[in-house]
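Colleague: I have a new model open and would like to learn how to read its features. Could you walk me through it?

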Amino acid sequence: MAEAVLIDFFGLKFNSQKNSHQVLLKTLNAVRYHHAAKAKFLCIMCCNSISCERDGEHNFELEASNGLSALLREFETVSHPSMAASLYTIKQKIDEKNLSSIKVIVPKHRKTLLKAFIDQLFTNVYNFEFEDLQVTLRGGLVKQSTEINMITDQEQEAIQNEIKTYLRSLPALKGELTIITSPLISDIFLHGFTTRTGGISYIPTLSSFNLFSSSKRRDPKVVVQENLRRLGNAAGFDVEKFYQIKTDHANDVWIMGRKEPESYDGITTNQRGVTIAALGADCIPIVFADPVKKACGVAHSGWRGTLLGVAMATVHALITEYSCSLEDIIVVLGPSVGPCCFTLPRESAKGFHNLDPECVRLFDSPNPYVDIRKATRILLERGGVLPQNIQDLNQDLNICTSCHPDKFFSHVRDGLNFGTQIGFISIRE
């Protein structure tokens, strides 16, 4: 049984016959009868007031029909001239109630169009069921076009543009977009680490500058793309030349220019104008820069990747591919979970204890506290990176992501539906 029921009146045109509202009354009563007992959200979607046609001096509007007023109070009405605005508003209301099973009652001729919008604005978290809206009765009370079974490429592009235009109009949430930078990295590079402020993601654990979309989360790709567009504008990079790590929690590194692997936790490049990025939401987003050879890299270092040596694997890629020297490579560790909040089962913590006992607190407990930042520095120094070329203690970068919900996303703190920040770098053109 559907948790939410949406009736699509968006494209319907009603004439001004007196019994026209009776058709709607019958339709809404049927929906209420079948769904009100189970559904937690009943919604009507229309374009401002439901559009109508002139008949002399009379103009019928749904909101003005006295016979419908009591029934309408049992439905929430969402009215926007834009389909994208209407559906996004409805999505927000559904998400507020944490609902995922949705029945859409839609005229046949609009079903394909509505599905195209839904595919863009919703993820696989939601389960949609469609039912034909039966309101065409004798006398032509409701005018409908013929059924459309396919969206053309031109129509698909128009849908995407309408959604993009609407999302660009939304205000930033939770404050201004903030980019943390390191003084160790030369101005020949663009770089930075994002926080959680300044984006349009509204779901609490993803709000507001989430930069990762997944079929298992409620933030659709179009929202993440809008957040990324705003980051590109603020930082000065081209989002069309943006590449993000495909995390596997291991130590594989993609050398840009070679065939891209299915998954990897590091990227290196010497191509100008290309921005590369590492994800982080407790795991460490690491940025690497060599101002001498003008090469750079990023790595995603969770506890598994840390022990597998993903940071030094990225360093070795820089040396091997671009003839970088160890003494020239700068490494900056982005925000991550601290030893105050991150625990592992004792068996998993052994690897860190064997690396250096100072990486683990309360080792004899079932779930010791582990310091992945200290472990990363130790491995980098042992690998030959100069201690002064490693930045991991900057005040803005060193604070624990789990301890600071106002600034950072955190998997440890927020659970499975967590948001993601990034570390990024590019060589200026």
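**Reading strands, sheets and helix packing**

Modeller: Gladly! Let's begin with a strand pair: β9 and strand β20 (residues 421–427) are antiparallel partners, joined by five bridges. F189, for instance, has I427 of β20 as its bridge partner. Do keep in mind that this is a predicted model.

Colleague: Which other strand is joined to β9, and in what sense do they run?

Modeller: That is strand β8 (residues 179–180), which runs antiparallel to β9 and is joined to it by two bridges. Here I180 has F193 of β9 as its bridge partner.

Colleague: Is strand β9 enclosed or open to the outside, and how do I tell?

Modeller: Look at how many of its residues are buried, meaning under 20% relative accessible area. For β9 (residues 189–194), six of the six residues are buried, so the strand is largely enclosed by the rest of the structure. You can check each face, too: F189, H191 and F193 are buried on one side, and L190, G192 and T194 are buried on the other.

Colleague: Now the open sheet: what is the order of its strands?

Modeller: The six strands follow the order β11-β12-β15-β14-β16-β19, with mixed pairing. To find the edges, look for strands that pair on one side only: these are β11 (253–255) and β19 (390–391). At the β11 edge, three bridges join β11 to strand β12 (residues 266–269) in parallel, and V253 has G266 as its bridge partner in β12. Helix α8 (residues 310–322) packs on this sheet, where it touches β11, β12, β14 (284–290) and β15 (295–301). The direction of α8 makes about 160° with that of β15.

Colleague: And how do I describe two helices packed on each other?

Modeller: By the angle between their axes and the distance between the axes. In this model, helix α3 (residues 83–96) packs with helix α5 (residues 153–168) at about 65°, and their axes are 8 Å apart. Their crossing is right-handed. M83, A84, A85, Y88 and T89 of α3 meet E162, I163, Y166 and L167 of α5. By class, that contact has seven nonpolar, one polar and one charged residues.

Colleague: Let's finish with one residue of α3, D95. Why does D95 count as buried?

Modeller: D95 counts as buried because its relative accessibility is 11%, and the cut-off is under 20%. Next, look at its neighbours: leaving out residues up to four places away in sequence, D95 touches Y126, Y202, I203 and R218. With Y126 there is a polar contact between the two side chains, at 2.6 Å.

Key
Residues numbered from 1 in each chain as written. Predicted model: local features only at pLDDT ≥ 70, side-chain atom pairs only at ≥ 80, totals over all residues. Heavy atoms only, no water. Axes fitted to C-alpha atoms, helices over the stretch in contact; angles between N-to-C directions. Helix = DSSP H or I, 4+ residues; strand = E, 2+ residues; numbered from the N terminus. Left-handed = near helix turned anticlockwise from the far one by under 90°. Contact = heavy atoms within 4.5 Å. Nonpolar A, V, L, I, M, F, W, Y, C, P; charged D, E, K, R; others polar. Buried < 20%, exposed > 50% of the residue type's maximum accessible area, 1.4 Å probe, protein only. Pairing = 2+ DSSP bridges. Polar contact = N/O pair within 3.5 Å; in protein donor to acceptor, adjacent residues only side chain to side chain.
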